[in-house]
Amino acid sequence: MNPTFNDILDHVIRSTKENAIEHKQLTPVLFAVGTEQMAMIPILKMPSEREEKDKMFEQIGHEIANQKEKIGTLQAIIFATEAWMSTIPKTENILPRPSLDPKRKEILSITAIDLHNNIASEIIYEIKREKGNKTELTEVMDNRKNPSTIKNFESPLFISLMKGYVTVRSQQTSKNKVIN
């Protein structure tokens, strides 16, 4: 029996948390879950600028689509990364860039997009690093019991990845129609 999306997500969450605690840091990693298998794509150098991140994720989408023979049809995407998080005080309506906010919190963010069921989930843990190299993770958010629809989910990186994936898959489909 094939594992469900929730089984896969639970495994990714567990292993990502263990990795973050054991190694004191986490290389951003994207999991492309296909009908045939799952590919793990480490992102060794994450650009700091939004435009460069978008280009990188569009290229990753191209690569996933070009691996159709191995991965199969893309069913889900899971992205795990360390990040900064800021909160907006009720008296303000402008959110500072988290990396520049002196009140920022370090987080472990896991974003999961289930394309097959049209849902998006976010799981966030605050990372607390204590003296003696001890790392603790405290759950901040987990919307798996009440996930968003993909339509209502806002993620520029997801949009860029899917743009790259769909572009290549459309070209592959057109090419197959011409050949047949």
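Asp10 has a relative accessible area of 31% and is therefore partly exposed. The model in which Asp10 is described here is a predicted one. The account starts with the charged pairs, then turns to three single residues and to the pockets.

**Salt bridges**

Side chains of opposite charge can pair when their charged atoms come close. In the whole structure, a search finds eight salt bridges. One of them joins Asp10 to Arg144, with 2.6 Å between the closest N and O atoms. Because Asp10 belongs to helix H1 and Arg144 to the loop between strand S6 (134-142) and S7, this pair ties together parts that are 134 residues apart in sequence. Arg144 counts as partly exposed, because its relative accessibility is 28%.

Arg144 also forms a salt bridge with Asp142. Asp142 has a relative accessible area of 26%, so this residue too is partly exposed. Through these pairings, Asp10, Asp142 and Arg144 are linked in a network of salt bridges.

A further salt bridge connects Arg50 and Asp54. Both residues lie in helix H2, where four residues, about one turn of the helix, separate them. Arg50 is partly exposed, as its relative accessible area is 39%.

The three pairs named above are listed below with the separation of their closest N and O atoms.

| Salt bridge | Closest N and O atoms |
|---|---|
| Asp10 and Arg144 | 2.6 Å |
| Arg144 and Asp142 | 2.7 Å |
| Arg50 and Asp54 | 3.4 Å |

**A buried charge without a partner**

Glu126 is found in strand S5. Which side chain of opposite charge is nearest to Glu126, and how far away is it? The nearest is that of Lys105, 4.1 Å away, and Glu126 has no salt bridge although it is buried. A salt bridge requires a side-chain nitrogen of Lys or Arg within 4 Å of a carboxyl oxygen of Asp or Glu, which is why a separation of 4.1 Å does not count as one. With neighbours within four places in sequence left aside, the contacts of Glu126 are Lys105, Glu106, Ile107, Glu136, Leu137, Thr138 and Val140.

**Ile110 and Thr149**

Is Ile110, a residue of strand S4, buried or exposed? Ile110 is buried, because its relative accessibility is 0%. Apart from neighbours within four places in sequence, Ile110 has contacts that include Leu9, Ile13 and Thr16. Ile78, Phe79 and Ala80 are also among them, as are Ser121, Glu122 and Ile123. Asp142, a member of the salt-bridge network, is 32 residues from Ile110 along the chain, and their C-alpha atoms are separated by 9.4 Å.

Thr149 is placed in strand S7 (residues 148-149). Its relative accessible area is 33%, so Thr149 is partly exposed. Once neighbours within four places in sequence are set aside, Thr149 is in contact with Asn118 and Ile119. The C-alpha atom of Thr149 is 9.3 Å from that of Asp114, and the two residues are 35 residues apart along the chain.

**Pockets**

The largest pocket holds about 1300 Å³ of space. It is lined by 40 residues, and Lys53, Thr81, Ala83, Trp84 and Leu157 are the closest to its centre. At least two lining residues come from each of helix H2 (50-66), strand S3 (74-85), strand S4 (105-114), strand S5 (119-130) and helix H4 (156-179). Which of these elements gives the most to the lining of the largest pocket? S3 does, with seven residues. Sorted by class, the lining of the largest pocket consists of 24 nonpolar, eight polar and eight charged residues.

The second largest pocket contains about 330 Å³ of space. Its lining is made up of 16 residues, with Pro3, Ile8, Val33, Gly34 and Gln75 nearest its centre. Helix H1 (5-23), strand S1 (29-34) and S3 each supply at least two residues of this lining. S3 thus appears in the lining of the largest pocket and in that of the second largest pocket. In the second largest pocket, six lining residues are nonpolar, eight are polar and two are charged.

Key:
Residues are numbered from 1 along each chain as its sequence is written. This is a predicted model: local features need pLDDT of at least 70, side-chain atom pairs count only at pLDDT 80 or more; totals for chains, interfaces and linings use all residues. Side-chain values use heavy atoms; hydrogens and water are left out. On a 1 Å grid over the protein atoms alone, a cavity is a set of points where a 1.4 Å probe fits but cannot get out, and a pocket is an open set with protein on both sides within 12 Å along at least five of seven lines; lining residues have an atom within 4 Å of a point. Grid points are joined across faces, edges and corners, and a volume is the space filled by probe spheres set on the points. Ala, Val, Leu, Ile, Met, Phe, Trp, Tyr, Cys and Pro count as nonpolar, Asp, Glu, Lys and Arg as charged, and the others, Gly among them, as polar. Buried means under 20% relative accessible area, exposed over 50%, partly exposed in between (1.4 Å probe, protein chains only). Lys and Arg count as positive and Asp and Glu as negative; His and the chain ends are not counted. Contact means heavy atoms within 4.5 Å.
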